[in-house]
Amino acid sequence: MPTSEDFGAIRLTLELATVVTLLLLILGTPIAWWLARTRSRLRSSVGAIVTLPLVLPPTVLGFYLLLLMGPSGFLGHLTQSLGLGLLPFTFPGLVIASTLYSLPFFVQPLQNAFEAIGDRPLEAAATLRASPLDAFFSVAVPLAKPGFVTSSFLSFAHTVGEFGVVLMIGGNIPDKTRVISVQIYNHVEALEYTEAHWLAGGMLAFSFLVLVAMNALKPRQKAAEP
Amino acid sequence: MKPVDARLKLERNEFTLDVDLSLPGRGITALFGPSGSGKTTLLRCLAGLERAPGGYLYVAGEIWQDGDYFLPTHKRRLGYVFQEANLFPHLDIRRNLEYGMRRSGIRRIDLDNALDLLGINHLLERRPENLSGGERQRVAIARALLVNPGILLMDEPLAALDLARKQEILPYLERLHEELSIPILYVSHSPDEVARLADHLVVMEKGRVVADGPLSETLARLDLPIRLGEDAGVVIDAVIGARDEAWHLVRADFAGGELWVRDNGMTLGHPVRVRILARDVSLAAAHTEHTSILNLMQGTIAEIADDAHPAQSLARVDVGGTPIVSRLTKRSAAALGLSPGQPVWVQIKTVALIG
């Protein structure tokens, strides 16, 4: 049976994934919109930076974030001068690292959804007196709903499953930074295979269900206008 | 200042739009020309969907563009009808229509008027994907009118439709023409639509305006014969003035005379347009009694010019103030000794009633 430490890890993981997904909805949506619509020359560079966590080893990302948030890093100076202390080995530190790490999983599907809308519905909105911001919320967001569903589910599931970045930034502090994947690692290290099975099997079932739900929620492709 | 004033210059790879245009404040102005002539680009510049830097644009009492000043599309008092209806797929018809209404403070009564004008009352609860192409386009026109525009811009609204659907919409466009007091700018490459709907004609070629003026005058110009379709010709506004039941004919009265045409069941007093192609008009020096030609009129030669083929001439004849264009061989012109100011008899073989 799962121990109380296991339940603590589960609760922490769900909290982390929820906060990260909400943060991505706020921060990732404008990035995806900008990438989908801009004609700026910076587009490919910004796109590459956003995609970087996809190809970078989590330990590399974690290492640089650790330096950045540490006592002599830029972010560390900032948080200390604001009286917030240091971020490594805290929940907010985990949130920042996970948000960065899951960014491409959120931005890419949404960017594709925004691109698929094309110019024409937005042009129609403009000729019907909708300002660009109004058109974004009244036309682009509803039309990109499948993209929002995919992006949110993917980044939630991806955050639930992350290991390397968490270990580098947050370590292994019970109820503070010890997430499920780290707890599984602890169990295996201690040769507690039964407990590891509970959590690992649970993760497997969870991931499967997320994908099933994502497909079920996706609206069927409607016939294109002739 | 004219109701619409546009000086726009736009350079794209291999294409330059260079236009200086003043347009009347009501009626339908057709922007006519082959594809690639810049008609749609011009319309998009007027709407602010395309930027022509440094241009000048004055429409419906407001400056829309001048130097660095550029009024964004959503602040311009215009209605825009796209080639494909471009309805919002996530909204039903009612909410598509209300989208612009809510943002421009339109009254309920206008909705009812627009629904009646375009015959779309029964479609309100449907979704765009369940409408035919013609129905969608009628909804799109109503939607564009429901923002209380100062000008209506239409980008080939019939081009994406098949012939039957076109016939379904044309009567509604004619009603718009009769009932709206705002100018309509209508992009088209279809001679039939232009002949049927336009009051004013702007002919474009390679990004430039090559002719611009009232429809019948512009069509009768001999210096650049504008071919509406297969041939040069004129379009005349007339009214059904009499009916000859015995011979199934009606009389179309126009400013300079009258024409007998086949009876299509039009009511007396109904306004009609007739199209007379240059090749169907022949000229005679004297009145001929014995002819099968029904429509004979007296006129005066206004101008004679060369046609495309060296054997032929085009003659513009003034019939009581209405210009009619005739094509004849140069030999005939010489045999009749035709010259400007000379009275002639105009024989019209075929008259086509359009709308």
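**Figure 1. Helices α1 and α8 of chain A cross in a right-handed way.** In this predicted model, α1(A) passes α8(A) in a right-handed crossing. As a reminder for this view, two packed helices are described by the angle between their axes and the distance between the axes. Here α1 covers residues 4–37 and α8 covers residues 145–160, and the two pack at an angle of about 145° with their axes 9 Å apart. If you would like to find the contact yourself, look on α1(A) for A:T13, A:L16, A:A17, A:V20, A:T21, A:L24 and A:L25. Their partners on α8(A) are A:S152, A:S155, A:F156, A:T159 and A:V160. Sorted by class, this contact has seven nonpolar and five polar residues, with no charged ones.

**Figure 2. A:A97 sits in helix α5 of chain A.** The helix around A:A97 runs over residues 91–117. A:A97 has 27 other C-beta atoms within 10 Å, and 20 or more are enough for a residue to be buried, so A:A97 is buried. Beyond its neighbours within four places in sequence, A:A97 is in contact with A:G62, A:L65, A:V165 and A:I169. Another residue to pick out here is A:V166: this residue is 69 residues from A:A97 along the chain, yet their C-alpha atoms are separated by 7.6 Å.

**Figure 3. Chain A touches chain B here.** The contact takes 17 residues from chain A and 19 residues from chain B. On the chain A side, α6 (120–127) and α7 (132–143) each supply at least two residues. The largest share of that side, six residues, comes from α6(A). By class, the side of chain A that touches chain B has ten nonpolar residues, five charged and two polar.

**Figure 4. Chain B is built with eight helices and 21 strands.** Its radius of gyration is 23 Å, close to the 20 Å that the globule rule gives for 355 residues, so chain B is as compact as a globular protein of that length. The C-alpha trace of chain B spans about 65 × 50 × 35 Å along its principal axes. Of the 355 residues in chain B, 41% are buried. Among contacts in chain B with a separation of 6 or more, 67% join residues 24 or more positions apart.

**Figure 5. In chain B, α2 and α4 meet in a right-handed crossing.** The axes of α2(B) and α4(B), the latter spanning residues 133–145, come within 7 Å and cross at roughly 30°. Angles under 35 degrees count as roughly parallel, so that is how α2(B) and α4(B) are described. On α2(B), look for B:I93, B:N96, B:L97 and B:G100, which meet B:V139, B:A142 and B:R143 in α4(B). These contact residues divide into four nonpolar, two polar and one charged.

**Figure 6. Two loop residues of chain B, B:A60 and B:N86, have positive phi values.** B:A60 lies in the loop between β4 (56–59) and β5 (62–66), and its phi is near 50°, a positive value in a residue other than glycine. B:A60 has 16 C-beta neighbours inside 10 Å and counts as partly exposed. B:N86 is found in the loop between β7 (78–81) and α2 (93–104). Although B:N86 is not a glycine, its phi is positive, at about 60°. With 23 C-beta neighbours inside 10 Å, B:N86 counts as buried.

Methods
Residues are numbered from 1 along each chain as its sequence is written. Chains are lettered from A and ligands numbered from 1 in the order in which they are written. This is a predicted model: local features need pLDDT of at least 70, side-chain atom pairs count only at pLDDT 80 or more; totals for chains, interfaces and linings use all residues. Two residues are in contact if their C-beta atoms, placed from the backbone, lie within 7 Å. Helices (H or I, at least four residues) and strands (E, at least two) are DSSP runs, numbered from the N terminus. Ala, Val, Leu, Ile, Met, Phe, Trp, Tyr, Cys and Pro count as nonpolar, Asp, Glu, Lys and Arg as charged, and the others, Gly among them, as polar. Axes are lines fitted to C-alpha atoms, for helices over the stretch in contact, and angles run from 0 to 180 degrees between N-to-C directions. A crossing is left-handed if the near helix is turned anticlockwise from the far one by less than a right angle, and right-handed if clockwise. The radius of gyration is taken over C-alpha atoms; the globule rule is 2.2 Å times the number of residues to the power 0.38. A residue is buried if 20 or more other C-beta atoms lie within 10 Å of its own, exposed if 12 or fewer, and partly exposed in between; C-beta atoms are placed from the backbone. Angles under 35 degrees count as roughly parallel, over 145 as roughly antiparallel, 65 to 115 as roughly perpendicular and the rest as oblique.
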